[in-house]
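Visitor: I am new to this model and would like a close look at a single part of it, taken slowly. Please start with one pair of residues and work outward from there.

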Amino acid sequence: MIEKKTVCQIVEEWLDGKDYFLVEVTVSPDDKIVVEIDHAEGVWIEDCVELSRFIESKLNREEEDYELEVGSAGIGQPFKVLQQYYIHIGQEVEVVTRDGRKLAGILKDADEEKFTVGVQKKVKLEGSKRPKLIEEDETFTYEQIKYTKYLISFK
């Protein structure tokens with residue numbers, strides 16, 4: 001069986017000096033290898049082909065038969081690594097918390113411990129007859145959420 005660690009090392013070697021980053025590597029018991037990469041400006045098919053060929057050049061099909069799939073982290077899929085938070089700062093995201101709240105807003109900031117989302121809320125201000133829409137920042141630790149994902153908008 002092909003080791004996940006081995007595939008990760010090969011991918012990291014290819015990524016060295018590039019603006020791409022590794023999102024996930026999975027290796028199933030029957031040696032189906034799936035590699036997901038991402039980039040702030042999107043992933044080009046040519047780069048997936050290049051990475052696929054690079055991985056194949058480092059693995060020996062004579063020793064171990066495998067299936068290889070290289071692609072981008074799916075748009076609209078939950079974030080898996082911190083760099084995905086970084087590249088989506090300033091964009092609209094959806095957050096689902098462990099306690100079941102679902103909210104959408106602009107990703108304002110992210111670091112290793114937490115991230116902040118600006119959320120529109122209706123608040124009745126003192127002295128006003130109707131609620132007004134205001135933006136309020138909500139900060140979450142990664143342990144507090146089920147997932148965060150880029151919100152696709154067709155406005």
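**From one residue pair outward**

Guide: Phe21 stands opposite Asp38, which belongs to strand 2. Before we move on, please keep in mind that this is a predicted model. The strand that holds Asp38 covers residues 32–38, and strand 1 and strand 2 pair in the antiparallel sense over six bridges. In the loop between these two strands is the place of Asp31, a residue with a positive phi of about 65° although it is not a glycine. Asp31 has a relative accessible area of 5%, which is under 20%, so Asp31 counts as buried.

Stepping back from this pair of strands, we come to an open sheet of three strands, arranged in the order 1-2-3 and with mixed pairing. Its edges are taken by strand 1, residues 21–27, and strand 3, residues 67–72; each of them has a single partner strand, so one side of each is left without a neighbour in the sheet. From one strand to the next, the twist averages 15°. Helix 1, made of residues 4–15, packs on this sheet and touches strand 1 and strand 2, with a direction that makes about 155° with that of strand 1. Helix 2, made of residues 45–58, also packs on the sheet, but its contacts are with strand 2 and strand 3, and its direction makes about 150° with that of strand 3.

The next step is to ask how these helices meet. Two packed helices are described by the angle between their axes and by the distance between the axes. Here the axes of helix 1 and helix 2 come within 10 Å and cross at roughly 130°. This angle makes helix 1 oblique to helix 2, because it lies neither in the range of 65 to 115 degrees, which counts as roughly perpendicular, nor over 145, which counts as roughly antiparallel. The crossing in which helix 1 passes helix 2 is right-handed. On the side of helix 1, the contact is made by Ile10, Val11, Glu13 and Trp14, while helix 2 contributes Asp47, Glu50, Leu51, Phe54, Ile55 and Lys58.

Two of the residues in that contact deserve a second look for their charges. Side chains of opposite charge can pair when their charged atoms come close. Lys58 and Glu13 form such a salt bridge, in which the closest N and O atoms are 3.3 Å apart. The pair links distant parts of the chain, with Lys58 in helix 2 and Glu13 in helix 1, 45 residues apart. Lys58 is partly exposed, with a relative accessible area of 42%, and Glu13, at 44% relative accessibility, counts as partly exposed as well.

This salt bridge is one of 14 that the structure holds, and another can serve as a point of reference outside the three-stranded sheet. The side chains of Arg101 and Glu138 meet in a salt bridge of 3.1 Å, taken from N to O. Arg101 lies in the loop between strand 4 (92–97) and strand 5 (102–110), whereas Glu138 lies in strand 7 (residues 132–141), so the pair ties together parts that are 37 residues apart in sequence. Arg101 is partly exposed at a relative accessible area of 37%, while Glu138, at 12% relative accessibility, counts as buried. Both residues belong to a network of salt bridges that links Arg101, Lys121, Glu136 and Glu138.

Lys121 leads to the strands of this other region, since the bridge partner of Lys121 in strand 7 is Ile134. Strand 6 and strand 7 run antiparallel and are joined by 10 bridges. Strand 5 and strand 6, the latter made of residues 114–123, also pair in the antiparallel sense, over four bridges, and they form a hairpin with three residues between them. In that pairing, Ala110 has Phe115 of strand 6 as its bridge partner. A further salt bridge joins Asp111 to Lys114, with the closest N and O atoms 2.8 Å apart, and Lys114 is partly exposed, with a relative accessible area of 36%.

Conventions: Residues are numbered from 1 along each chain as its sequence is written. This is a predicted model: local features need pLDDT of at least 70, side-chain atom pairs count only at pLDDT 80 or more; totals for chains, interfaces and linings use all residues. Side-chain values use heavy atoms; hydrogens and water are left out. Two strands pair if DSSP finds at least two bridges between them. Axes are lines fitted to C-alpha atoms, for helices over the stretch in contact, and angles run from 0 to 180 degrees between N-to-C directions. Contact means heavy atoms within 4.5 Å. A salt bridge is a side-chain nitrogen of Lys or Arg within 4 Å of a carboxyl oxygen of Asp or Glu. Buried means under 20% relative accessible area, exposed over 50%, partly exposed in between (1.4 Å probe, protein chains only). Angles under 35 degrees count as roughly parallel, over 145 as roughly antiparallel, 65 to 115 as roughly perpendicular and the rest as oblique. A crossing is left-handed if the near helix is turned anticlockwise from the far one by less than a right angle, and right-handed if clockwise.
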